[in-house]
Amino acid sequence: MPPGQIRPRIFQTVRCAQPDCKQFVPIHRPSTTAQYPFWSANDPDPTKRGYVIPKQYHDPLTLRLLEELPLPNQPFDAQGRNYFGVRGVTGGSKRMLFKVDHNITPKNRLSVNYREIPNFSDRFRIRKDELFFTFPGDKSVTRQPLLSLSMTLSPRAVNELRASYTFSDYSRTPPGEVGTTNFTKEKFGLPNVTNWGYPLFNFNSQFGNALSSIGLNGALGDYIEHQYQVSDDLTLIKGRHNIAIGGDYRKMMLNAKSSGLRDLCCGTYTFNPSQTNSGNANTPGGTGGWSAASFLLGTPNGIALRSILIPYYYRWTVAAAYFQDDFRVRRDLTLNMGVRWQFNSPRIEKFNRQATFDYDNPIPVEDVNGNTRGFAFNYLYSGYNGRSRFLEPAHYKNFEPRFGFAWQPAWSPLRSRSFVIRGGYGISHPPTTSRGRDPIPDFGVGSSGSWGFLRWQSATAVPARTQGVDPAYTVTIGRNPPVLRKNPNVLNIPEDGQICVGCGTVQDDRVPGGARVVFTRDANSPYVQTWNLTTEFLIPAHFVVRTSYMGQKGTHLYSPLLGVNFPDREEFEQMLAEGIDPNELIDDTFGRVDQAGNPLQRPRVDYLRANPLVGDVNVAGLTNANSIYHAGSISLDRRNQRGVLVRTNYTWGKSIDTSSDATLNGPNLFLWGSTRIQDAHNLKANRSVSNFDIRHRVNVVVSYDLPFGRNRKFFKKANRRASMILGNWTASSVVTTQSGFPFSPFLNDSNGIPGGATGTERIRPNIVPGAPIRNPRWSRSVANDVPYFNPEAFARPEFGNIGDAARTLDWARNPWRFTANATLIKSIYPWAERRRYFELRGEAYNLTNTPVFTLDSGISYSMFSSAPPVCRIGCVSLAGPMPYLWNRTTPPTAGTREAIIANNYNQNFGKLWRDRNGPGRIIQLALKFYF
């Protein structure tokens with residue numbers, strides 16, 4: 001909405017440092033116990049009553065940004081976001097295939113083909129020229145030359161050799177003008193390194209917040225892949241044995257420029273309530289505040305920028321060999337026996353730009369008197385000082401036995417009905433190569449910046465030295481913008497191949513960003529056992545009844561990251577009891593400084609860790625997870641008789657595991673089982689149905705050649721013209737219905753648990769006994785607005801405790817999905833020879849126009865959008881059942897539990913997101929000519 005209409009409710013925590021308000025400084029109020037919470041009408045400062053930010057405080061850059069937003073018009077949701085749900089996509093695809101087959105000799109055949117498949121798409125809100133909200137465009141460009149040589153060595157021996165090269169470009173690029181014009185610097189005066197880009201301004205969604213993000217939203221990346229492959233298969237027939245022997249070798253390459261690319265071009269500026277909340281000794285962390293108010297002040301809570309981007313060149317190898325014997329023991333029994341060997345190497349980096357954190361060998365850090373004050377640790381680069389170029393163990397003994405059979409019992413009643421039993425068992429090793437496309441770990445983050453706004457602090461806190469034009473004041477994007485720090489040394493690897501975290505007083509910019517990652521060297525090779533049993537029985541009227549059972553067991557699967565350097569629980573509790581905010585930034589107690597000589601500032605909680613110099617430490621590559629899957633199905637198929645084909649089946653299945661992926665709409669199975677759990681040291685407590693579990697599924701396929709025209713039941717004597725119009729019609733339909741995915745709720749904050757809700761942990765709620773899990777207020781008519789899952793069925797655990805909810809709720813699932821597609825095809829043969837003909841097709845997808853209701857795992861599973869105040873003594877307890885806060889028209893009473901929860905509540909919790917309910921009915925017509 002226009003700036004004049006924005007009246008954010010705030011308690012002011014900053015003041016103008018100069019008459020023209022070009023600089024802000026924090027207001028420190030540690031001595032008073034009085035609270036001025038959200039929605040208070042009794043502010044002691046009369047100029048702030050009415051909840052309006054004085055005009056002289058408005059940041060000039062934010063006012064310019066607000067002018068670009070569309071005015072209210074047919075709001076998309078209850079929060080008034082009129083443009084948030086409007087999306088568009090433009091795309092294109094051109095395909096080319098070239099193939100030449102040549103019979104070198106009667107026994108040798110050469111085939112050469114080349115295919116090119118370039119796909120492009122741009123995403124946008126409202127219109128492509130509205131740059132205030134854009135998405136990266138996607139590329140999927142593939143080029144592949146392939147050579148195949150088939151050689152008949154004898155009447156019973158055939159060999160086939162194949163060689164190919166595949167080039168792929170899966171880059172995510174900025175759309176249109178954003179990729180060619182430097183809006184970041186030229187329009188907004190903000191720093192960047194590239195000559196293109198548009199910054200991203202993020203807002204934490206809150207109760208009543210009508211703002212969404214502004215700018216280029218989504219990860220950018222240049223991903224170029226190369227694959228070289230050679231394979232050979234030899235088939236031999238000896239008596240009753242059909243023997244196959246083969247091998248495969250692939251060299252894989254990935255050249256990536258990804259991590260931080262958006263922060264290099266544009267910067268990410270995050271605004272949340274922290275800058276405009278109130279706080280004192282009883283409420284460290286504050287109450288109240290609003291992201292929109294913080295945005296009007298121009299004071300971001302966090303900034304991410306980069307001055308350098310490191311390219312990574314990953315390489316890995318896949319090799320395999322196999323032997324297979326299909327042995328026909330007798331007419332009614334065939335056995336399949338074989339073994340496969342497979343090697344998937346861990347990836348290496350061409351210039352050894354990857355390292356593991358050496359947590360087993362601490363380095364004492366002493367003070368001037370020789371007393372040990374703590375321990376530092378080295379990052380060890382791969383390939384140096386005799387170390388392997390792999391970060392993880394390589395497994396060379398992955399042998400995979402395979403067994404199968406097909407048996408037709410000799411019992412005469414079954415033989416006449418063509419009764420067959422088939423079964424099999426096998427072991428396979430899932431790929432352990434790569435780790436996705438992004439670098440792990442990521443070097444060079446030290447040359448970027450993330451500088452928090454110093455909100456209310458204690459009496460002893462030192463005002464932050466920000467990385468702004470004037471470091472004495474907080475960063476404001478339009479008055480005191482940030483500056484970039486450049487250090488080309490981040491590209492240089494030390495001669496001994498190690499960099500120290502915590503050594504000396506100057507921070508090394510080469511230290512990888514985020515949590516320290518320890519790659520385990522004693523991991524097992526993950527493997528999966530699969531077994532199945534199927535029966536087929538031919539019954540009258542050309543129907544086949546098929547029953548089957550399949551089981552699968554995963555062993556030594558990758559587990560979530562394991563944290564090993566959490567803060568001390570008792571000291572954390574004591575800090576809370578004294579009213580001290582554990583996340584308060586203070587000058588580093590070890591005297592460390594950054595490259596500019598400014599003292600590093602670290603949160604207090606870091607100094608409660610066993611090793612305070614290194615922060616979070618995660619062990620990666622553990623293989624102690626497991627899974628089990630059972631499924632049974634029954635199908636009834638009618639073979640094509642008189643132009644009618646019918647196939648229908650029902651499948652019941654159940655998948656249980658300890659660490660399935662937590663993002664249904666974007667699986668990240670390569671990230672060590674990316675499920676986040678409550679206690680990484682108790683993986684058994686994470687055991688539940690899988691996030692992707694589908695309990696019931698029904699499919700029905702019907703195809704019918706309509707009985708009109710020559711040689712058909714009706715109009716069989718029609719002349720050629722009439723038959724051309726009436727005949728050769730085929731109608732088909734595919735109907736599918738299945739149960740929904742299980743619900744996986746979590747708090748989205750640590751609930752006062754040291755180390756909780758980090759990158760590897762996720763605290764879950766309690767279940768309220770007797771409360772309906774499905775919201776009784778929900779119906780299909782209000783599906784986009786009213787939560788599907790009842791917030792009142794969940795409760796916040798007592799402060800400092802974990803919840804009793806399972807990782808996934810088997811009894812609480814997304815709505816059933818139903819889809820019906822139909823096709824009508826007419827073949828037209830205008831010439832006597834039927835080699836050339838036309839085909840007229842009419843296709844309808846989602847024929848019944850039924851919405852496919854689905855929760856978005858990224859925004860609908862978290863109960864809170866921001867962490868409630870860290871508070872234990874002298875404050876309101878947040879434990880207990882959740883109040884129903886959806887679409888409140890009046891604010892709750894200030895200072896109450898309901899008000900604090902409302903201020904941090906995620907309005908999308910349990911809601912079926914309106915722009916993710918599947919496409920509507922799509923009807924398309926096509927005319928094809930075959931020649």
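How many helices and strands does the protein chain have? I looked this up before anything else: there are eight helices and 46 strands. A reminder to myself that I am working with a predicted model.

**Entry: the chain as a whole**

I went through the totals next. The protein chain has 931 residues, and 50% of them count as buried. I then checked how far along the sequence the contacts reach. Taking contacts between residues at least 6 apart in sequence, I find that 73% join residues at least 24 apart. For the surface, I noted an accessible area of about 43000 Å², with 55% of that belonging to carbon and sulfur atoms.

**Entry: the nonpolar core**

Which residues have the most contacts inside the largest nonpolar core? I wrote down Phe357, Tyr379, Phe443 and Val614, in a core of 44 residues. I also looked up which strands feed this core with at least two residues each: they are β13 (241–257), β18 (312–330), β21 (355–357), β23 (372–381), β26 (498–501), β27 (516–519) and β33 (617–620).

I picked Phe357 for a closer look. Leaving out residues up to four places away in sequence, Phe357 touches Phe377, Asn378 and Tyr379. Phe357 also touches Val501, Arg516, Val517, Val518, Val614 and Val617. Two of the names from my core list, Tyr379 and Val614, turn up again among these partners of Phe357.

**Entry: disulfides**

The count here is two disulfides. As a refresher, a disulfide is a covalent bond between the sulfur atoms of two cysteines.

One of them joins Cys265 to Cys266, with an S to S distance of 1.9 Å. The torsion about this S-S bond is about -75 degrees, so I have the disulfide down as left-handed. Are Cys265 and Cys266 buried or exposed? Cys265 is buried, as its relative accessible area is 0%. Cys266 is buried as well, at 1% relative accessibility.

The other links Cys500 and Cys503, whose sulfur atoms are 1.8 Å apart. The link of Cys500 and Cys503 is right-handed, with 55 degrees about the S-S bond. Cys500 has 17% relative accessibility, under the 20% limit, so Cys500 counts as buried. Cys503, at 32%, falls between the 20% and 50% limits and is therefore partly exposed.

**Entry: cavities**

I turned to the empty space inside. There are nine cavities of 30 Å³ or more. About 150 Å³ of space lies in the largest cavity. Which residues lie closest to the centre of the largest cavity? My note reads Asn344, Pro393, His395, Thr432 and Tyr558, out of 14 lining residues.

**Entry: two helices**

Leu63 sits in helix α1 (residues 60–68). Leu63 is at 24% relative accessibility, over the 20% limit for buried but not over 50%, so I have Leu63 down as partly exposed. I then looked at Leu63 and Gly478, which are 415 residues apart along the chain. Their C-alpha atoms are separated by 9.5 Å.

How many residues of helix α8 are buried? Seven of the eight residues in α8 (residues 897–904) are, and the helix is mostly covered. The buried ones I listed are Arg897, Ala899, Ile900, Ile901, Ala902, Asn903 and Asn904.

**Entry: Ser231**

I found Ser231 in strand β12 (residues 222–238). With 7% relative accessibility, Ser231 counts as buried. What is Ser231 in contact with, leaving aside its neighbours within four places in sequence? I noted Glu160, Leu161 and Arg162, together with Gly247 and Asp248.

**Entry: positive phi**

Most residues other than glycine have a negative phi, and most peptide bonds are trans. With that in mind, I flagged two asparagines.

Asn352 has a phi near 60 degrees, a positive value in a residue other than glycine. Asn352 lies in the loop between β20 (348–349) and β21. Its relative accessible area is 12%, so Asn352 is buried.

Asn751 has a positive phi too, of about 55 degrees. I located Asn751 in the loop between β39 (742–743) and β40 (766–767). Asn751 counts as buried, at 4% relative accessibility.

Conventions. Residues are numbered from 1 along each chain as its sequence is written. This is a predicted model: local features need pLDDT of at least 70, side-chain atom pairs count only at pLDDT 80 or more; totals for chains, interfaces and linings use all residues. Side-chain values use heavy atoms; hydrogens and water are left out. A nonpolar core is a set of buried Ala, Val, Leu, Ile, Met, Phe, Trp, Tyr and Cys residues joined through side-chain atoms within 4.5 Å. Buried means under 20% relative accessible area, exposed over 50%, partly exposed in between (1.4 Å probe, protein chains only). Helices (H or I, at least four residues) and strands (E, at least two) are DSSP runs, numbered from the N terminus. Contact means heavy atoms within 4.5 Å. A disulfide is a pair of cysteine sulfur atoms within 2.5 Å. Accessible areas come from the Shrake-Rupley method with a 1.4 Å probe; for residues, only the protein chains shown count as cover. On a 1 Å grid over the protein atoms alone, a cavity is a set of points where a 1.4 Å probe fits but cannot get out, and a pocket is an open set with protein on both sides within 12 Å along at least five of seven lines; lining residues have an atom within 4 Å of a point. Grid points are joined across faces, edges and corners, and a volume is the space filled by probe spheres set on the points.
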